[in-house]
Every structure is written in C-alpha cells, then in structure tokens.
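Colleague: I'm new to this one. Can you walk me through it?
Modeller: Sure, have a look first.

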There are 2 protein chains.
Amino acid sequence: MLTPPSDTHPEKGVVTQLRAYLAQSDLAEDGRLPPERELASALGVSRAELRKALDVLEAEGQLWRHVGKGTFMGSRPLDTFADIAALARRSNPAEVMRARIAMEPEITRAAAFTATPADISEMRLCLARSRQAETWRQYEGWDTRLHRTIAEATQNSLLLGLFDTLNAVRRAVTWGRLRSVPVRPLPSHHSFAEHEAIVDAIEHRDMAGAASAMRAHLMTVERKLMEKQMRAAGEG
Amino acid sequence: MLTPPSDTHPEKGVVTQLRAYLAQSDLAEDGRLPPERELASALGVSRAELRKALDVLEAEGQLWRHVGKGTFMGSRPLDTFADIAALARRSNPAEVMRARIAMEPEITRAAAFTATPADISEMRLCLARSRQAETWRQYEGWDTRLHRTIAEATQNSLLLGLFDTLNAVRRAVTWGRLRSVPVRPLPSHHSFAEHEAIVDAIEHRDMAGAASAMRAHLMTVERKLMEKQMRAAGEG
DNA sequence: AATATAAACCAAAGATAAATTGGTATCCAA
DNA sequence: TTGGATACCAATTTATCTTTGGTTTATATT
C-alpha cells in the first residue's frame, strides 16, 4: 500500500480512458470500433492492457466481441440461425415433425380463407397425380407440391417463405433409416384420404376443419415414422 | 424439299443424341450435367447447336439452367426466398401480423408443454422489466425478448429458427406511419395484462389457454395497428 | 441470302487465396 | 510476480481467380 493508487491500478485508468474515447469518437453505423492493435497504439497502451479494459466493458454488457469480426458497442445481437444448413445441422426428424404440426395446420386454416378457385383446382391436380404415382419418388414430388400449393393459397409471401424454410430444412435433415423404401405407394396409403379431407375443407371455407384435418394428417405421418423407427430399432 | 430430312433438321438429331446421352450417362447426385463447352465437344457438335437442343429440353421441363451454376436434370427447385431482405421487400405489416397470428399461438402452445422453470422465470423477468420501461424503445426490447424466450422454451431449434426469421422480417419491414411515437408506455397498456395471461397459462401447462392467450394478444396488437392507420388516414 | 461456326465478351456464381481480427501462449525484462 | 512485446491460432472477412450459362460479332459455308 505504499505505491500511489494511480500507478498500482493503471488498468482502471485505461478503462476510463477507453470510456472517454468511446464517448467522443463517433463509431460506424454498426457500432464497430477499431481493431485492438490499432486502438492500443492510438491510446498509447499495450494490447494486453487494452484487452483488460475491454474485458471490463464486455462484462458490463457495454460491448461485445467476436473473433474475426471485431468489437462492437451495444448488446450482442440475438444469433438468428436463419441459415438452412445450420438449422438442419442442429435439428432432427422429431423436431421437424413437431414444427410441421405447429405450423402447417395454421397455414391451412389461413388458406381456407384466402384460397382462389385456381388454387383449389391445382390442389386437386396434385391429389390426382399423387394417386397415379408409379414410384415413391414421384409420389413425394406431388405430395410436396400439394403442401406448397396450400401455403401459396394463403396469399401471404411471408408465410410462404417460412413454409419454404421449414421445407428446406426437412429435406436437408438427416433421416437415416427412417427413409422409405422406393416401392410404389399402395392405393390404401393413409395420405390419400387425409389429403382429400384437407382440400375438401379448404374448398368449403371450413377454416377449423381444414386446420384439424391437416393436424390429423401430420400426426399420422409422425406416428408412422415412429413406428418405423421402433421396427428398425427392434431389427438392429 | 429437295435435301434429305436428316440434313435439313440437324438440330432434331442433336436433341435425340442428347436424350440418348442423358439416358445412358449417370449424372452426379444433384443431376448436374457437364458444362456446355465440354458437352458440345464430347458430342461432336458446336456449342450453338447444343444450346438449341438444350433449349428444347428446357422448354419440355426436362432440365433447367442457371448462369454460373450449370445445367441440371429434373424440374427447377422451387425458389425458396428464405432471404430476410427479399422477404421484407415483398411483405408488408398486414402480412407480418397475419403470420404472427398464425405462428406464435402454436409456438406458445408447444412452449406450455416443454418450458422449464428457468424459462418461466426468465419470462417473468421480461414482464417485470417491460413494466419498468422508461422509454418505448426499452419496452420494445423486453417485449421482443419475452416473445423470443417463449420460442426458446419450445426446446425446438427449428421452431426457434422460424420464429427468428419471422422476427427479422418484422424488424426489416417498412412500417411507415404505423410506427409508435417514442413516449413512455402507460401502465394501462393492454399488453401488460395480456403478456401476464400468456405466461400464467404456460406456467400452468395450459396448452390451449396459452395458445388462445397469445392469439388474443396478437389480435389486439393488430387491431390497435389498424385503428392507428385509420386515424392517420383521416388526418392526411 | 441464309445459316452455321468459331471466337470473344459479359455477368452471375463458385472456389480459392490472402488479409484481418479476437483469443492465447511464450519469452523476456523489470 | 507482473507487465509488455512477440508469435501463433482459428474464425471471419475480403479480394482474386475460375467456371458457367447467356449474348454478341465476325467469318465462313452453302
């Protein structure tokens, strides 16, 4: 306790010096401040010392840092992983199904209110083509198109965009053994009747009915998927 | 009509030659076929002639092309405008509100099933802070965080990603005169009680109640927005 | 005159290399 | 032991080059 306070705690001085700098200097639009090396020499302190001061301000929540990006004023922006690939990497089939069950019934409800006759006739076309499908791959194509036509029928580009994102993640997610074998879908396939019920409800402007029909359909899909998973686990 | 048919319509021959090539050659996983310059020399025809044949197949929908990418078999993938900026450009406040009303109640329903006590206490924190907000900007911050905490509570990274996308578009969309003036929100602000009802329902694991409380809240927000629009139109 | 061919050029998209930046370890001196 | 300078690392961005479908132009060819 012999040395003067101003010298025993020089880093505090750096903190106040840094605060003054940030207060007077008008930063860029994104609040980015100069790289550590520049700032250190500009303030006439060592980089290590500057970093200590930055640590303090970061702990206070006044700024945030990221390697390769830089140091920024304000609070860290919420990391919105809107990237399809990143989403697919973090997600899994169960999450995809729960998300579909949450989103698509409400999209269907909205579509029942806004669908045009042209939309509905395209849905019917998809239904017919999916019945005639020779391969499972063809069936999947018409099934996907039916669901997207319903999303288009909402006349809401934002809902359509969200649906597309969900769909892209669904395609990108790793399904492993859950994938179906490439045999032709049987006429008794559960989806046929369920799809028809959905389109019927949309055509009758039955919003509640359309939503619940879509929900029932997706829950059946989820159940079939889980049953398949159980069988696969039993075999292995 | 003096020249033999096989010479007067050489491009038809190229089309069939191309069809044969596509049938026998097994393309890459993504259905991409070699660049035009290679393919032309491989088939022994000029690039212009090959392009005519490709035009035919493209018109038939057998393949699709894109500058810088290449030429691909099959139907063009649906252009998924997952890009935030593009979505915001095509959308508008009305669409954003309808999308929120479609999505967020179902997210809330899921959250009521999966939320942890930690999630719920964070929601309560957001509620308290939003009540203490000194400025409208601060209130918005806590309001946004409350809604995102609910989305996080679903424990579904895909649903959270979709919510983030929706939220990003909401921030990016041009609201024009609908934007609120920066005065302090009054204690009687409708959102306070509505937010509380939502969190209460989540805490009691009342899925239906949570969904309907969120729906009621968002519909109030939408109604207030439209009323404001009406007043603005009357003034102008 | 009409058409095909070759070459050159363009803009979009992808692939690769180089530079930047926050984070960390090491060595030296006070 | 502490502080400072240096070197190095991995994440990220930026710049550069290459590839690719689309277009134009000049030149043969018939």
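Modeller: Keep in mind that this is a predicted model. Start at the DNA: a polar backbone atom of Glu36(B) is 2.9 Å from a phosphate oxygen of DNA strand D.

Colleague: Which elements give two or more residues to the surface near that strand, DNA strand D?
Modeller: From chain A, α4 (47-59). From chain B, α3 (36-43), α4 (47-59), β2 (63-66) and β3 (70-73). The most comes from α4(A), with 3 residues.

Colleague: And which residues come nearest to DNA strand D?
Modeller: Of the 21 around it, His66(A), Glu36(B), Arg37(B), Arg47(B) and Arg51(B). For His66(A), a side-chain N or O atom is 3.4 Å from a phosphate oxygen of the strand.

Colleague: Where is a base oxygen of DNA strand D 3.3 Å from a polar backbone atom?
Modeller: At Gly68(B). Still, 69% of the strand D atoms within 4 Å of the protein belong to sugar or phosphate.

Colleague: How do the residues of that surface near DNA strand D divide?
Modeller: 11 charged, 7 polar and 3 nonpolar.

Colleague: New topic. How much do chain A and chain B bury between them?
Modeller: About 2,700 Å², with 70% of it on carbon and sulfur atoms. Met103(A), Leu158(A) and Leu162(A) supply 22% of the area chain A buries against chain B, more than any other three residues.

Colleague: How many salt bridges does the rule find across that interface?
Modeller: It finds 2. One of them joins the side chains of Glu106(A) and Arg215(B), at 3.3 Å, N to O.

Note on methods:
Residues numbered from 1 in each chain as written. Chains lettered and ligands numbered in written order. Predicted model: local features only at pLDDT ≥ 70, side-chain atom pairs only at ≥ 80, totals over all residues. Heavy atoms only, no water. Buried area = accessible area lost by both parts, 1.4 Å probe. Salt bridge = Lys/Arg side-chain N within 4 Å of Asp/Glu carboxyl O. Near = heavy atom within 4 Å. Polar contact = N/O pair within 3.5 Å; in protein donor to acceptor, adjacent residues only side chain to side chain. Helix = DSSP H or I, 4+ residues; strand = E, 2+ residues; numbered from the N terminus. Nonpolar A, V, L, I, M, F, W, Y, C, P; charged D, E, K, R; others polar.
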